[in-house]
Amino acid sequence: MLGMDKSLFRRLILSYLLTVLIGIGFVGILISYLVKGYIFSTTQEEMVRKGRIVNMTIQDMQIQSEETEQMLVFLDQSFNTRIWVFDRSGEIITTSTKDEVSIGKSVASSIVERVLQGEDAVNRLEFEGLNEPMLSVVVPWGQEEQVYGGIVLHSPVVGINRTVMKIRETILWATLFGIFVSTVMVSYLSWSISRPLRTIDRAAEKIGMGNYDERIDIKSNDEIGDLANTINTMAAKLDRIDQERKKLDQIRNDFLANVSHELRTPLTAMQGFLEALQDGLIDGEEGRKKYYNVMYKETLHMNRLVEDIFDLIKLENKEISLQPKPVDVNEVIHNTALIFEQEAEEKGVELKVDTADQLPKAYADPVRLEQIIVNLVKNALKFTEQGYISLSTISEEAFIKIRVKDTGIGITEADQELIWERFFKVDRGRSKVNKGTGLGLAIVKELVELHGGRIALESEVDKGTTFTVLIPAYEAPHTELNG
Ligand code: ATP
Ligand code: MG
């Protein structure tokens with residue numbers, strides 16, 4: 001994280017410094033050259049003007065006279081330039097300074113030529129015998145028609161250079177100030193970017209470690225705010241997925257616990273019986289037969305349990321496919337009634353069947369449809385001690401409605417929602433032991449839904465329960481009418 005922070009800073013400072021250096025430094029240096037040039041040219045013009053004044057003053061005077069020399073000294077002092085006068089051959093004949101070593105020396109012939117043609121020479125000229133750099137101009141000496149020679153004016157460049165130096169110094173300071181300001185700005189900028197980024201990074205790290213309820217508290221309207229929002233949404237999604245996974249884990253664990261519990265009960269019973277038989281504790285063939293019989297029933301029960309679990313798992317994994325066909329529901333109802341007839345009679349509960357005439361066929365898997373009805377009737381019989389159980393059918397719109405009604409113990413409103421859960425059994429204390437496993441209705445619900453039907457119940461405690469199942473009716477395929 002710190003690495004990112006630093007490289008961000010480095011990149012920002014680099015681009016800022018580049019801007020400052022190019023902006024202020026480069027442009028500044030350019031300006032200083034331009035200014036220097038400007039000062040040079042104005043100074044040169046000024047000096048040419050002064051040269052003309054010198055010429056006007058001395059053109060009518062006797063050269064190499066006391067008077068001229070004094071005049072030159074005067075002009076030197078008032079103009080602050082040294083003045084030389086040379087003749088047509090280029091030889092310097094008089095100067096404004098007494099101790100001048102240049103007298104007798106010659107001016108370059110190219111300059112002499114130009115001056116004799118009446119032109120000014122306004123270059124930065126180097127003359128022998130002058131140590132410090134000088135700006136010099138040469139103007140013709142004499143009248144318009146008659147040129148006697150030339151007048152050279154020198155001015156030390158020091159003043160100009162000092163001005164330029166001043167400008168450059170100012171630019172340097174401006175650049176330094178720019179660097180300082182940009183460093184401060186970059187520091188602030190990278191801080192203001194990296195601080196929320198660090199917050200985001202920390203949160204993302206926590207989310208990565210499984211803390212899905214972690215949220216980032218950044219509400220800026222920029223890209224960083226967007227990033228924070230995206231990560232928050234992602235965390236929320238992960239949170240939801242995690243919760244779901246935990247719930248599924250819980251369901252699976254409950255399921256395993258339930259299965260092993262349901263299997264343990266009959267197994268423990270059988271183990272006890274077998275031990276008793278092994279130890280010869282049971283006397284007589286009759287007694288032993290009774291034990292074998294109980295054990296056989298336990299194995300049947302376990303078999304049912306395992307089959308139910310298989311069914312349910314396959315149903316929930318959508319691994320069971322129906323083989324639907326047109327089914328006469330009334331026939332299935334009558335068959336089921338036959339199965340439970342004897343049991344109902346033994347219990348003293350009346351089993352009534354009330355099927356509708358000319359009932360359309362249902363579109364269902366007959367084996368599974370019977371499984372649905374058998375499960376419902378088995379429950380009705382199990383939880384009804386007196387009164388009746390009635391099975392009825394009726395056509396309702398595109399469905400066949402099957403009703404299994406009993407006058408049994410009923411189900412409380414709170415439990416009505418729970419009975420569909422696998423392994424759920426209403427707890428009624430120890431007096432009435434329900435040998436079921438609580439899988440029946442879970443299987444029924446899955447099967448009904450697989451058929452594209454619906455199931456509902458109405459129940460009142462101590463009055464009875466009615467389960468209503470809707471199974472789609474069979475629709476004969478239409479024959480297309482041509483012409
Ligand atoms: P299994 O069907 O697996 O042998 P079960 O009958 O206990 O066991 P379900 O058929 O799923 O399980 O029923 C769940 C619970 O709903 C029952 O244990 C019972 O408490 C309640 N229940 C179901 N049908 C009725 C009914 N007709 N009257 C009263 N209670 C019922
Ligand atoms: Mg049941």
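This briefing covers the site around ligand 1 and the strand pairing of β1. The model is predicted. Ligand 1 sits in the largest pocket. Its shell counts 23 residues. Strand β1 pairs with both β4 and β2.

**Polar contacts of ligand 1**

- Asp 406 contributes through its side chain: one of its N or O atoms is 2.9 Å from a nitrogen atom of ligand 1.
- Gly 438 contributes through its backbone, with an N or O atom 2.8 Å from an oxygen atom of ligand 1.
- Leu 439 also offers a backbone N or O atom, here 2.9 Å from an oxygen atom of ligand 1.
- Taken alone, ligand 1 exposes 590 Å², and the protein buries 99% of that area.

**Make-up of the shell**

- The closest residues to ligand 1 are Asn 379, Asn 434, Gly 438, Leu 439 and Leu 441.
- By class, the shell holds 10 nonpolar, 8 polar and 5 charged residues.
- Three elements each give two or more residues to the shell: α8 (366-382), α10 (440-450) and β11 (464-472).
- Helix α8 gives the most, with 3 residues.

**β1 and β4**

- Strand β1 spans residues 82-87, and strand β4 spans residues 147-156.
- The two strands run antiparallel and are joined by 6 bridges.
- Within this pairing, Trp 84 stands opposite Val 152 of β4.

**β1 and β2**

- Strand β2 covers residues 92-95 and runs antiparallel to β1.
- Here 3 bridges join the strands.
- Phe 86 stands opposite Ile 92 of β2.
- β1 and β2 form a hairpin with 4 residues between the strands.
- In that hairpin, Gly 90 takes a positive phi near 95°.

**Reading the strands**

- In a regular strand, side chains alternate between the two faces of the sheet.

**Points to check in the viewer**

- For ligand 1, start with the side chain of Asp 406, then turn to the backbone of Gly 438 and of Leu 439.
- For the strands, find Trp 84 opposite Val 152 and Phe 86 opposite Ile 92.

Key. Residues numbered from 1 in each chain as written. Chains lettered and ligands numbered in written order. Predicted model: local features only at pLDDT ≥ 70, side-chain atom pairs only at ≥ 80, totals over all residues. Heavy atoms only, no water. Near = heavy atom within 4 Å. Polar contact = N/O pair within 3.5 Å; in protein donor to acceptor, adjacent residues only side chain to side chain. Areas by Shrake-Rupley, 256 points an atom, 1.4 Å probe, with all protein chains shown as cover. 1 Å grid on protein atoms, 1.4 Å probe; cavity = no way out; pocket = protein on both sides within 12 Å on 5 of 7 lines; lining within 4 Å. Sits in = over half its atoms within 2 Å of the grid points. Nonpolar A, V, L, I, M, F, W, Y, C, P; charged D, E, K, R; others polar. Pairing = 2+ DSSP bridges.
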